[in-house]
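Here's a quick briefing to read alongside the model. Have the viewer open and follow along.

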Amino acid sequence: MIVLRELTRNDSAALQRIYSPESTRFLQRGPMDAAEARSAARDAVASAAQSPRTLYTLGFDFDGDLLGIIKLCLDRPVAALGYILRADTWGKGHATEAVLRILALGFGHLGLPEIHAKHHPDNPASGRVLLKAGFVPTGEHAGFTTYAIRPPQTASGLRSRTQGPTTRGG
């Protein structure tokens, strides 16, 4: 089972493996070197301590192995999420499970009215993750396919789709 957790400074080596050339191919950034990974880990720890919190940078962990990162950005008119998964773990449903868990946080604990996401059109697997999680395509912006999701009408509908938030340290 995937567990979302706060990142620590000790996650820098895992971040470097996650942000590999293969995983960043369709992102607006390249792979992380060691210094960038250390900085990203420090930044995630610092953002977790902010109040009010405007950025959730959480790791998704499977049996103690950090498989990817999911971010929920609250510093814009509509919240947005993004995720990246270590290439050797693609195709196993981990990204979809992480997205469902962050939606439970966003719509449950945070009470957000809507969340947006996007993916590069040459990365259809990322689009499938968003569709499985309940996002609806909304068009294209700046070369990316865009999506949105609103909370279901009832809390029980969200729970059945997301299986509840399983977070640690958040």
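Is Asp 63 buried or exposed? Asp 63 counts as exposed, at 69% relative accessibility, where exposed means over 50% relative accessible area, buried under 20%, and partly exposed in between, using a 1.4 Å probe and protein chains only.

Before going on, some ground rules. This is a predicted model, so to speak of local features takes a pLDDT of at least 70 and side-chain atom pairs count only at pLDDT 80 or more, while totals for chains, interfaces and linings use all residues. Residues are numbered from 1 along each chain as its sequence is written, and side-chain values use heavy atoms, with hydrogens and water left out.

**The overall picture**

- The protein chain has 5 helices and 8 strands; these are DSSP runs numbered from the N terminus, with helices being H or I over at least four residues and strands being E over at least two.
- Reading from the N terminus, the order of elements is β-α-α-β-β-β-α-β-α-β-β-α-β.
- Of the 170 residues in the protein chain, 45% are buried.
- Take the contacts between residues at least 6 apart in sequence: 61% of them join residues at least 24 apart, a contact being heavy atoms within 4.5 Å.
- The exposed surface of the protein chain comes to about 8,800 Å², with carbon and sulfur atoms supplying 52% of it; the areas come from the Shrake-Rupley method with a 1.4 Å probe, and for residues only the protein chains shown count as cover.

**Strand β7 and its partners**

- Strand β7 covers residues 144-149, and 6 of its 6 residues are buried, so the strand is largely enclosed by the rest of the structure.
- In a regular strand, side chains alternate between the two faces of the sheet.
- In β7, Phe 144, Thr 146 and Ala 148 point one way, Thr 145, Tyr 147 and Ile 149 point the other way, and all are buried.
- On one pairing, β7 runs antiparallel to strand β5 (residues 115-119) over 5 bridges; strands pair if DSSP finds at least two bridges between them.
- Within that pairing, Lys 118 stands opposite Thr 146 and His 119 stands opposite Thr 145.
- Strand β6 (residues 136-141) is also antiparallel to β7, again with 5 bridges, and Gly 139 has Thr 146 as its bridge partner.
- β6 and β7 form a hairpin with 2 residues between them.
- Ala 142 sits in the loop between β6 and β7, has a positive phi near 55° despite not being a glycine, and counts as exposed at 64% relative accessibility.

**Strand β5 and its surroundings**

- The covered face of β5 holds Ile 115, Ala 117 and His 119, while His 116 and Lys 118 make up the uncovered one.
- Lys 118 lies over the face of Phe 144, at 4.7 Å from the ring centre; the criterion is NZ of Lys or CZ of Arg within 6 Å of the ring centre and within 35 degrees of the ring normal.
- Strand β4 (residues 79-85) runs parallel to β5, joined by 2 bridges, and Ala 80 has His 116 as its bridge partner.
- Together, β4, helix α3 (residues 94-109) and β5 make a right-handed β-α-β unit; right-handed means that, with the strands pointing away from the viewer, the path from the first strand over the helix to the second runs clockwise.

**Loops and helix residues to click on**

- Asp 63, the exposed residue from the opening, lies in the loop between β2 and β3 (65-73) and has a positive phi of about 55° although it is not a glycine.
- Ser 51 and Pro 52 are joined by a cis peptide bond, with omega at about 0°; Pro 52 lies in the loop between α2 (34-49) and β2 (55-62).
- Asp 11 is in the loop between β1 (2-6) and α1 (12-18) and is buried, with a relative accessible area of 7%.
- Setting aside neighbours within four places in sequence, Asp 11 is in contact with Arg 5, Glu 6 and Leu 66.
- Ser 12 belongs to helix α1 and counts as buried at 17% relative accessibility.
- Not counting residues up to four places away in sequence, Ser 12 touches Ala 37, Arg 38 and Ala 41.
- Lys 132 lies in helix α4 (residues 124-132) and counts as exposed at 61% relative accessibility.
- From Lys 132 to Glu 97, the C-alpha to C-alpha distance is 9.6 Å, with their positions 35 residues apart in sequence numbering.
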